[in-house]
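Work through the exercises below with the model open beside you. Try each task before you read its solution.

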Amino acid sequence: MTNNIIKYQALIDGELYENGKWISIINPTTNKTIGEVPALTKVEIEKVYTAAKQSQKSWEQMPILKRITFLNSWKQLIIRDKLIIAQLMTNEIAKATKAACSEIDRTIEYIDYTLQEALRLHPQSYTGESWGIMNKLGIFEYVPKGIVLAISPFNYPVNLSVSKIFPALVTGNSVVFKPATQGSLSGLHLAKLAKEAKLPNGVFNAVSGKGSAIGDSLVENEVINVISFTGSATVGNHISQKSLKADLILELGGKDPAIVLDDADLEDTATKIIKGAFSYSGQRCTAIKRVLVQKAISSKLISILKAKVEKLSIGLPIDNCDITPVIDQPTIVNAKKLIKDALDKGAKCLIGNKFKENLMWPTIIIDVTTKMDLAWEEPFAPLLPIIIFEQVSEAIKIANDSQYGLQASIFTTNINSAMTIASLLEAGSININDQSQRGPDHFPFIGIKDSGLGVQGIRSSLLAFTRPKGIIINWKTKN
Ligand code: NAP
Ligand code: G3P
């Protein structure tokens, strides 16, 4: 560490690696450089895949209980370094330290459940008899697909990295891991712990470098069997065009609507909308990013929401404030652009629209219509538009007209209304009387349309990183 700048190395074929070229990691709260990570090159990326390929078969052939021993050792080191990692997260992504600790706790639970679930990935057996063919038995076991490229986003640098890495490794794949640059101090700390846990060389590799610089070299390698990507729709769509024959699991952006009917419990609804919209300053893919409220109760809901936003603490992540700085200035610029467009087209600012460097006050814009960009675009900031509707059919149309289809919420006390609307919404999951959210983590997690491809969630991830391999036994009946 030099003058408080912490340097991390990549992990290639079991060795911590640096090449003299560094990327500075800036603290979004102070705008000061807090760390440096290697800027790998195309040639070095090639070496990473060679290591991943050379190590994969022996890792696959290792008994699963032995693989689990290595992964549990790694988990124990993550637990040991919890506060160090939480501090890295606070400094590099401005996540409140308490929330960073919760993310790590959640990740440990994720690992435990994953390792147990992997043991239940039993082979499936089929008899030929049900197809009229006697004396034929098919046993289909789940075998690893091979090499997994795991690319994670900045906002959950531990949980959304481990949620790819551990299911891939426990099923016998080798992994090439690319953390988000803002998130790579935490990501490369995990890699350092993997080395300390003595994972066999090449089984787990961690690279660093701007996605815009090394992304195509990472993605276009023909040895990759699965690309598991979490991030923006823009990058996800780019990756899907660049990837060669790899299977894709893409968890992308969202514009999750909260539909509030006139019979909803408004106090409970407002509490959940505030949490869903403003946790981690709205930088969650599953954040509530638009409220569609029925006209009859719109004024009442809006006043409750305003009162709750006024109680949110705004400031430093180290003080565990509710609203902390967003990841970077482009996010602020984009939020300001969306607000201006809405106000120019007749919307009104209920609260917020105030900024200080990367800190954005929680903002609610009312009288938003579908003619405004804010109704459709993902700000990834503490910015919530309120759209009023009269007929439920209007709300369903507005919800479904989005390019995204991650999740949705319906707030009502009438289960018939909830189930009827849910059946018509185009989304991966619909939450009735709760905020949209990825957890609990063993639930399947799906995005459709521009929100993703494939399914995550613990069992779904284990299945996504494996394929059936059949052994069919034939015999003759002895008379
Ligand atoms: P991002 O800008 O798309 O980056 C995601 C990851 O992709 C980062 O590791 C990034 O590396 C890398 N990357 C960038 N360009 C690449 C390229 N050409 N090839 C390969 N990799 C490339 O997303 P983010 O800013 O980290 O996260 C915010 C976005 O992700 C939002 O849209 C949010 O909705 C979405 N998200 C979705 C989920 C979900 O589960 N559906 C979860 C979290 C976030 P660099 O950091 O070096 O650029
Ligand atoms: O954006 C990250 C996504 O995975 C959301 O997770 O648990 O905050 O809904 P969660």
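## Exercise 1: Two unusual backbone spots

Task: say in which loop Tyr 280 lies.

Solution. Tyr 280 sits in the loop between α9 (266-278) and β14 (288-294). Helices (H or I, at least four residues) and strands (E, at least two) are DSSP runs, numbered from the N terminus. Now check the backbone. Tyr 280 is not a glycine, and its phi is positive, near 45 degrees. Most residues other than glycine have a negative phi, and most peptide bonds are trans.

Task: say whether the peptide bond from Gly 439 to Pro 440 is cis or trans.

Solution. Read omega: near -10 degrees, so to speak the mark of this bond, which is cis. Then place the proline. Pro 440 belongs to the loop between β22 (429-432) and β23 (445-446).## Exercise 2: Ground rules

This is a predicted model: local features need pLDDT of at least 70, side-chain atom pairs count only at pLDDT 80 or more, and totals for chains, interfaces and linings use all residues. Residues are numbered from 1 along each chain as its sequence is written, chains are lettered from A and ligands numbered from 1 in the order in which they are written, and side-chain values use heavy atoms, with hydrogens and water left out.

## Exercise 3: Ligand 2

Task: list what surrounds ligand 2, and find its polar contacts (pairs of N or O atoms within 3.5 Å; within protein, one must be able to donate a hydrogen and the other to accept it, and residues adjacent in sequence count only if both atoms are side-chain atoms).

Solution. Start with the shell (residues with a heavy atom within 4 Å). Its members are Arg 106, Asn 155, Tyr 156, Leu 160, Arg 284, Cys 285, Thr 286, Gln 437, Arg 438 and Gly 439. Next, take the contacts.

- The side chain of Asn 155 has an N or O atom 2.8 Å from an oxygen atom of ligand 2.
- For the side chain of Arg 284, the distance to an oxygen atom of ligand 2 is 2.7 Å.
- Cys 285 uses a backbone N or O atom, 2.7 Å from an oxygen atom of ligand 2.

Then look at cover. Alone, ligand 2 exposes 310 Å², and the protein buries 94% of that. These areas come from the Shrake-Rupley method with a 1.4 Å probe; for residues, only the protein chains shown count as cover.

Task: why does ligand 2 lie between the domains?

Solution. Domain 1 (6-252 + 451-469) and domain 2 (256-441) both give residues to its shell, so ligand 2 lies between them. The domain bounds come from an automatic or database domain assignment.

## Exercise 4: Ligand 1

Task: how many residues surround ligand 1, and which are the closest?

Solution. Count 29 residues; the closest are Ser 152, Thr 181, Ser 232, Leu 252 and Glu 378. Go on to the polar atoms. A backbone N or O atom of Ser 152 is 2.8 Å from an oxygen atom of ligand 1. The side chain of Lys 178 has an N or O atom 3.0 Å from an oxygen atom of ligand 1. A polar backbone atom of Leu 252 lies 2.6 Å from a nitrogen atom of ligand 1. Finish with cover: ligand 1 has 890 Å² of accessible area on its own, and the protein covers 86% of it.

Task: where does ligand 1 lie relative to domain 1 (6-252 + 451-469) and domain 2 (256-441)?

Solution. Both domains give residues to the shell around ligand 1, so ligand 1 lies between them.
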